[in-house]
Amino acid sequence: MSTPEVHQYLNELGRGWTGQGVAMEVGCWLGATSAALLDGLVEAGYDKLYWAFDKWRSNEAEVQKAYDQKVLLGISQDLLPIFLKNTKSIYPKVHAVQGIIPPILNMFNLTPIEICLFDAPKSNPVFSDSIHKLLPYFIPGVTVLGLLDYYFYLRRKEDQLKKDWEKFLVPVQFIEEHRDNFTVLRDFKENSSCVFFRYEKPISWKK
Ligand SMILES: C[S@@+](CC[C@H](N)C(=O)[O-])C[C@H]1O[C@@H](n2cnc3c(N)ncnc32)[C@H](O)[C@@H]1O
């Protein structure tokens, strides 16, 4: 769950939009983080499509997570109408692409990206395929990459039953491997799992 501090930061990020590229979220669920970003983008005069990618199909864990927040969902419910209701009221040009990530990223219209939030790609091959698809559209010195569950692996590690925690280290390993290409803008380790980075310079991918 993202915290009020993260929502406030997303709002600030949106307000700082410079007009050089689109904003997007990969893994949006009901739209809380997208809505916080859109509030700020609207203040900044954002006029491009807001790209949103998700399968928007609830599973058992999501039904429970929503119930804990007093929202009633059914298993396998199509969540896209809820996402659209929560976001289009803020900004009408939300462009939602529903399906499995990363294949649905092929629907992106290949335009510069200024703000990119990742909250679905957390392990491979989804993380690596998603980054490879979108990174060519990042703007050096400008694009903000928000890894909203950067510290997900820590939660898995602390739960003794979750033996698979290491696979969720992928975003951390990616940033460590490319530490010259990204700088940390804000780290919310104290009260959530999010870290925001600025993409500084292009990556030369190892063969
Ligand atoms: C943690 S939730 C996003 C929460 C949202 N960013 C927020 O804070 O309000 C992750 C979302 O990613 C979606 N998701 C995870 N893996 C996916 C995949 N491979 N393809 C499509 N959607 C996926 C789930 O359906 C879920 O809606």
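Two strands count as paired here if DSSP finds at least two bridges between them. In this predicted model, strand 5 (residues 144-147) and strand 7 (residues 195-199) meet that condition, with 4 bridges joining them in an antiparallel arrangement. One of these links can be picked out by eye: Leu145 has Phe197 of strand 7 as its bridge partner.

A step back shows the whole sheet. It is open and mixed in its pairing, and its 7 strands follow the order 3-2-1-4-5-7-6. Strand 3 (94-98) and strand 6 (182-187) lie at the edges; each has a single partner strand, so one side of each has no neighbour in the sheet. From one strand to the next, the twist averages 20°. Helix 2 (residues 32-44) packs on this sheet, where it touches strand 1 (22-26), strand 2 (50-54) and strand 4 (113-118). The directions of helix 2 and strand 1 make an angle of about 170°.

Helix 2 also has a helical companion. Helix 1 (residues 4-15) packs with helix 2 at about 30°, and the two axes are 6 Å apart. Angles under 35 degrees count as roughly parallel, and the two helices are therefore roughly parallel to each other. Their crossing is right-handed. Among the residues making the contact are His7, Leu10 and Leu13 of helix 1 and Ala36, Leu37 and Leu41 of helix 2. By class, this contact comprises 7 nonpolar, 5 polar and 4 charged residues.

Finally, the ligand has 14 residues around it, of which Gly27, Trp29, Ala32, Ile101 and Ala120 come nearest. The surrounding shell divides into 8 nonpolar, 3 polar and 3 charged residues.

Methods
Residues are numbered from 1 along each chain as its sequence is written. This is a predicted model: local features need pLDDT of at least 70, side-chain atom pairs count only at pLDDT 80 or more; totals for chains, interfaces and linings use all residues. Axes are lines fitted to C-alpha atoms, for helices over the stretch in contact, and angles run from 0 to 180 degrees between N-to-C directions. Two residues are in contact if their C-beta atoms, placed from the backbone, lie within 7 Å. A residue is near a molecule or strand if its C-beta atom, placed from the backbone, lies within 6 Å of it. Ala, Val, Leu, Ile, Met, Phe, Trp, Tyr, Cys and Pro count as nonpolar, Asp, Glu, Lys and Arg as charged, and the others, Gly among them, as polar. Angles under 35 degrees count as roughly parallel, over 145 as roughly antiparallel, 65 to 115 as roughly perpendicular and the rest as oblique. A crossing is left-handed if the near helix is turned anticlockwise from the far one by less than a right angle, and right-handed if clockwise.
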